[in-house]
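Here is a short tour of one protein model, written for a reader who likes to check each point against the coordinates. Have the structure open and follow along.

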Amino acid sequence: MLDPQVESTNNQLKDITERFNTNFDIGVIAFLFNKSKIFIILFFLMAFSGAFLYLRYSQEIFESKAVLQINDANKADEILKLNSMDNNNNLVAEAIEQIKSKVFLKRIVEKLDISVNYFSEGTFKSNELYHKSPYLIKINSKPGTPYEQKIYVELNSAHTGGILKIGNKAVKFDINTWLKTDEFDINIFINPKLNKDEVTELIKENNALYFVISNVDAVTSILQTKLEVRLLNDLAKTILIKVQDVNSLKATDIVNAISEEYLTYDVERKSESSRNILSFIDTQLGVVFNDLKNTEGDLQKFKLEKNLSEKNLLLNSDLVRYSSVEEQLLNVEMEEKIITEIQNNINKNKGVDIYQLISLISGTEYENLIKDITSNIQKLLVEKENMLYAVTPSSENIKQINYQIETQKKLLMESLDAVKLKYKTKYKNLLEKSSDFKSKLGQNPEDEVEFSRLSRLYTISEKYYTMLLEKKTEFSISKAGYVSKNIILEKALGVGAKVSPNRKTALIIAFLASVLLSMGLVFVRYIFHDKIYSLKDITRYSSGNIALLGVVPKYQSVIPVSQLIVDKNPKAIISEAFRSIRSNLTFIDASEGPKIVSITSTISGEGKTFVAINIAGILAFTGKKVVIIDLDMRKPKIHKGFGVPNNFGMSTILTGISQLHDCFNDSPMDNLKFITAGPSPPNPSELILSKKLTEVVEELKKQFDYIVIDNAPVGLVTDGIETIKMANYPIYVFRAGYSKKMFTQILDRLKNETKIHNLAVVLNDVDISRKIYSYNYGYGYGYGYGYGSGYYSDDEKFKKRTKRKMN
């Protein structure tokens, strides 16, 4: 079973939901809007005040932008047909990541020197003096440099020096002179872009001048958050560069610096491969030149010792053929030497220097054989280099590329082994031919062989040296051909555009916030709206067919002590309301004879005594004899209403202490008498349920035409139920804006459980001025008040009051 408290809460929520879904009333919404107008006005005032303060004191943000077109072409490479080291299919994506990288942005921070910012201190916020500071600084940081701390500068009137305030420490300084402190070494000098008068004016305009030193890496990270780089047009390969900053001129300078610096950075990066190759070639040229020089010296020395000439030796045809074989042997040895050097280089460095590899294999017979492998390694290395801008070296993507590089490396080594084996076979065959020629040349061909060997070594060195010179020339031309093809299509001009705070957006948000808060307040009030304001509310929330006797308007003047007002101003609207109630009573019971009018309510304060007294008064106007008896013995009010003592009354009559005829009191009206409740007894319920009450009522019927009974609230006690049962006109009073909607459940129980089928309802204290707000109070039961017609004496008061409310 559910906890009773939880079940009660669920029922309440269900009731609220059903009420909202099935009983949505636009009139109630309008009324609640009117009732909440003070709060609504307050919401609008608060929202627009907040918008004003936001626009007045929030930091302004400016935005500058530039457009960059990405191209990639090296005319020298195209002419020389050199392999490009940066063949990347997505140049735009690569450029975007490079510009956004901290490595590149750090260059911008250092170039613009924006790690030091200058400010003037205001009452609520500080203003950055970018390019407008009367002074500038050069600084050499130390381990104790106070980053992100205000350091105040006070210049003297002559602008020759001043005071530097670092925390609580003040230090004197001279202009354009290095000052050494524990925190840093600093040189303060006057801004060269400003003249003396401008400097003086700036110092007068700004009360306190200070600068803030920031860590370069921290400034780079902040710049990265302010920067937006995105693709603008894929086909045109254009990108948009946007920067937001609190200083408009600074935003413009940063955007332009990024655009221009990227052109330089792009050239540096793309010419890096040529620089590496040229460095390797220069190293090899030195080694080969020494070998060539030594071999040439040995060859000349041998000729002089043996008195040999090349011409004589070459005349011998066998020697010529022998030399041809020896030359082939030399070529094979050179190719094998290159392969061995490549393999040793790979094994020694545990990696592949693609630039050295390309320079070594260029022009060899096996260049085409391993070209695909070197191309794959080259692409993987470029891809790895680009990815390192966005990820760390230990990331999974880098590990995967490293694995692919190792795989290609193994394939390269296997290919080189195969080529090397081929050259060894060829070398063996050539060596056999060489032996045959040696045997033909005689038993002592040592001189010719030695000469051939020296010639072969010289030829190898000479070819290798010539090849390196050719490659150096080619890659030098390639390096010179690297001119950035990227184009700045649009520069940031002037100052940046203001993007925040946006006046229009702030006002719209303030308006929407006010509307939403107002609607939220009204919605909450509507959900928890549990008061009765109209007869329509009573019929809506009661289950039975309730007789609606009428409404009693709010009495705008001071109610007299007697609470009897129908005799004071018979032409008043409230008097007409009670006449309408009197007329409607005949629809309940039109039979002849004395009638009992029994009046009750749910709780105290709903105006049942007021209604009872004035119904009795309006009945007395017809010439009928009327008596009011007060049976609310727990909280009697009739004696207070007429201003008489309560020493004797119904309690003393029912207990036999007093006689009925001794307890009558006269009212201001001739035909109206009343009996007070008397002293409060300890057992009022027993007295009311006694036969004595029936006897008293029967006696009163003999003397009066109407007996009006003021009962205790039935929502609190059950004293009045018996008199309601015996009444010809049982009346249940609700008070507008006071009685809760749940009180209609008691009304339903009186009809269903006690079988009081002729129970009628009076709605008391209705504010008729609310009708101008289109909230239906339930008029239209065959009577009208003719407001504004001049018929009623309080029409003018109503008009003035309504006019004040509408204004």
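A residue is called buried when its relative accessible area is under 20%, exposed when that area is over 50%, and partly exposed in between. With that cut-off, E183 counts as buried, because its relative accessibility is 15%. Please keep in mind that this is a predicted model.

**The overall picture**

The protein has 807 residues, and 45% of them are buried. Its secondary structure comprises 27 helices and 22 strands. How much of the contact between residues at least 6 apart in sequence joins residues at least 24 apart? The share is 78%. On the outside, about 42100 Å² is exposed, with carbon and sulfur atoms supplying 53% of that area.

**Salt bridges**

Side chains of opposite charge can pair when their charged atoms come close. This structure contains 26 salt bridges. Three of the pairs are set out here, with the N to O distance for each.

| Pair | N to O distance |
|---|---|
| E183 and K169 | 3.2 Å |
| R579 and E576 | 3.6 Å |
| E396 and K399 | 4.0 Å |

Let us begin with E183, which forms its salt bridge with K169. E183 sits in the loop between β8 (178–180) and β9 (184–190), while K169 belongs to strand β7 (residues 169–174), so the pair ties together parts that are 14 residues apart in sequence. Is K169 buried, exposed or partly exposed? K169 counts as partly exposed, because its relative accessibility is 31%, whereas its partner E183 is buried at 15%.

The other two pairs in the table each lie within a helix. R579 and E576 are three residues apart in helix α19 (residues 573–588), so about one helical turn separates them. E576 is buried, with a relative accessible area of 19%, and R579 is partly exposed at 23%. In helix α15 (residues 396–440), E396 and K399 are likewise three residues apart, about one turn of the helix. Here E396 is exposed, with 57% relative accessible area, and K399 is partly exposed, with 45%. The spacing makes sense: an α-helix has 3.6 residues a turn, so residues three or four places apart point the same way.

Salt bridges can also be followed beyond a single pair: E63, E228, R230 and K242 are linked in a network of them.

**A nonpolar patch on the surface**

Now turn to the surface, where F48, L507, I508, F511, L512 and L516 form a nonpolar patch. Together these residues have about 530 Å² of accessible area. Which helix gives the patch its largest share? Helix α17 (residues 503–527) does, with five residues. F48 is placed in helix α3 (residues 37–57). F48 counts as partly exposed because its relative accessibility is 33%.

**Helix α14**

Last comes a helix whose length can be checked by simple reasoning. Helix α14 (residues 371–387) has 17 residues, and at 1.5 Å a residue it should span 24 Å. The C-alpha atoms at its ends are 24 Å apart, which agrees with that expectation. Which residues of α14 are buried? They are I373, T374, I377, Q378, L380, V382, N386 and M387.

Note on methods: Residues are numbered from 1 along each chain as its sequence is written. This is a predicted model: local features need pLDDT of at least 70, side-chain atom pairs count only at pLDDT 80 or more; totals for chains, interfaces and linings use all residues. Side-chain values use heavy atoms; hydrogens and water are left out. Helices (H or I, at least four residues) and strands (E, at least two) are DSSP runs, numbered from the N terminus. The expected span of a helix is 1.5 Å times one less than its number of residues. Buried means under 20% relative accessible area, exposed over 50%, partly exposed in between (1.4 Å probe, protein chains only). Patches are made of residues with over 30% relative accessible area and no salt bridge: like charges are joined within 9 Å, nonpolar side chains (Val, Leu, Ile, Met, Phe, Trp, Tyr) within 5 Å. Accessible areas come from the Shrake-Rupley method with a 1.4 Å probe; for residues, only the protein chains shown count as cover. A salt bridge is a side-chain nitrogen of Lys or Arg within 4 Å of a carboxyl oxygen of Asp or Glu. Contact means heavy atoms within 4.5 Å.
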